[in-house]
Amino acid sequence: MPEVQVQQDLGRAKNAIQDFLIRKLLYPKVYLDADWSGLHVDVLAIDRTGVGDVHAVRLVSWEPGHRDNHGWSAFLERRVPEVMLEFANFPGQFRYVAVVCTEPNKQRWIPGKPSLNRSLAPDGVGRIGILYADVTEQDPRVDVLLKPERFRSSSQIADIADQYMAANQANWELRE
């Protein structure tokens, strides 16, 4: 698949996830391709125009022609827990991995035990959610495969949010 098509598919997925978060949250500021405390985040939303919870989404996609002898499900069952591990110490209250489907008629992935086990915080306070972003149709859609649970909060998260918002222009925000 040409690089332009891959970028367009991922861009459509980011837009669909942005719309999902806008509908889910009260007054979010949404950023695309954010560098949040040293970690790349594909979609970042800070609720209540910056004084609320931080929601971070990382995309996982399968590109047509990807060389994996075990197929789509096996690839995702390896890659999703890897991304979840990268989120282990992420400073944010809600974390998501979004599986991006770019091929029509692809069998919908159901998270297996490794993904479900890795999704939980070691102390049980917090669970990484899994979203399914289908960009194969005219109107991309996002479904929740695993509902996220809130991770512990800290003053560090609020400080990072304040600094980030002061230095970066939101891709979407409610303006008065």
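**Entry 1: hairpin**

I began with β5 and β6, which form a hairpin with six residues between them. The model is a predicted one. I looked up the sense of the pairing: β5 (129-134) and β6 (residues 141-146) run antiparallel and share five bridges. For a single pair I took I130 and found its bridge partner in β6 to be L146.

**Entry 2: nonpolar cores**

Next I listed the largest nonpolar core, and it holds 35 residues. Y31, W36, L44, W72, L76, V80 and V99 have the most contacts inside this core. I then noted which elements give two or more residues to it: the strands β1 (29-36), β2 (39-46), β3, β4 (94-101) and β5, and the helices α2 and α4 (155-167). The largest share comes from α2, with six residues.

I picked Y31 out of the core and asked which residues it touches, not counting those up to four places away in sequence. I found D42, V43, L44 and I46 on the list, along with Y164, M165, N168, Q169, A170 and N171. Of these, L44 is also one of the residues with the most contacts inside the core.

I also recorded a second core, separate from the one above, with 21 residues. A13, L25, F94 and A133 are among them.

**Entry 3: largest pocket**

I turned to the pockets and took the largest, whose volume is about 230 Å³. I counted 16 residues in its lining, and A88, L120, A121, P122 and F151 lie nearest the centre. Two elements give two or more residues to this lining, α2 (71-86) and α3 (113-119). The largest share is from α3, at three residues. By class I have 10 nonpolar, two polar and four charged residues in the lining of the largest pocket.

**Entry 4: second largest pocket**

For the second largest pocket I noted a volume of about 160 Å³. Which residues line the second largest pocket? I wrote down Q7, L10, K14, D42, R58, L59, V60, S61, F75 and R79. At least two residues of this lining come from each of α1 (3-24), β3 (54-61) and α2. β3 supplies the largest share, four residues. I sorted the lining of the second largest pocket into four nonpolar, two polar and four charged residues.

**Entry 5: cross-check**

I went back over the lists for recurring names. D42 lines the second largest pocket, and D42 is also touched by Y31. Helix α2 gives residues to the largest core, to the lining of the largest pocket and to that of the second largest pocket.

Methods. Residues numbered from 1 in each chain as written. Predicted model: local features only at pLDDT ≥ 70, side-chain atom pairs only at ≥ 80, totals over all residues. Heavy atoms only, no water. 1 Å grid on protein atoms, 1.4 Å probe; cavity = no way out; pocket = protein on both sides within 12 Å on 5 of 7 lines; lining within 4 Å. Points joined across faces, edges and corners; volume = space filled by probe spheres on them. Nonpolar A, V, L, I, M, F, W, Y, C, P; charged D, E, K, R; others polar. Core = buried A, V, L, I, M, F, W, Y, C linked by side-chain atoms within 4.5 Å. Buried < 20%, exposed > 50% of the residue type's maximum accessible area, 1.4 Å probe, protein only. Contact = heavy atoms within 4.5 Å. Pairing = 2+ DSSP bridges.
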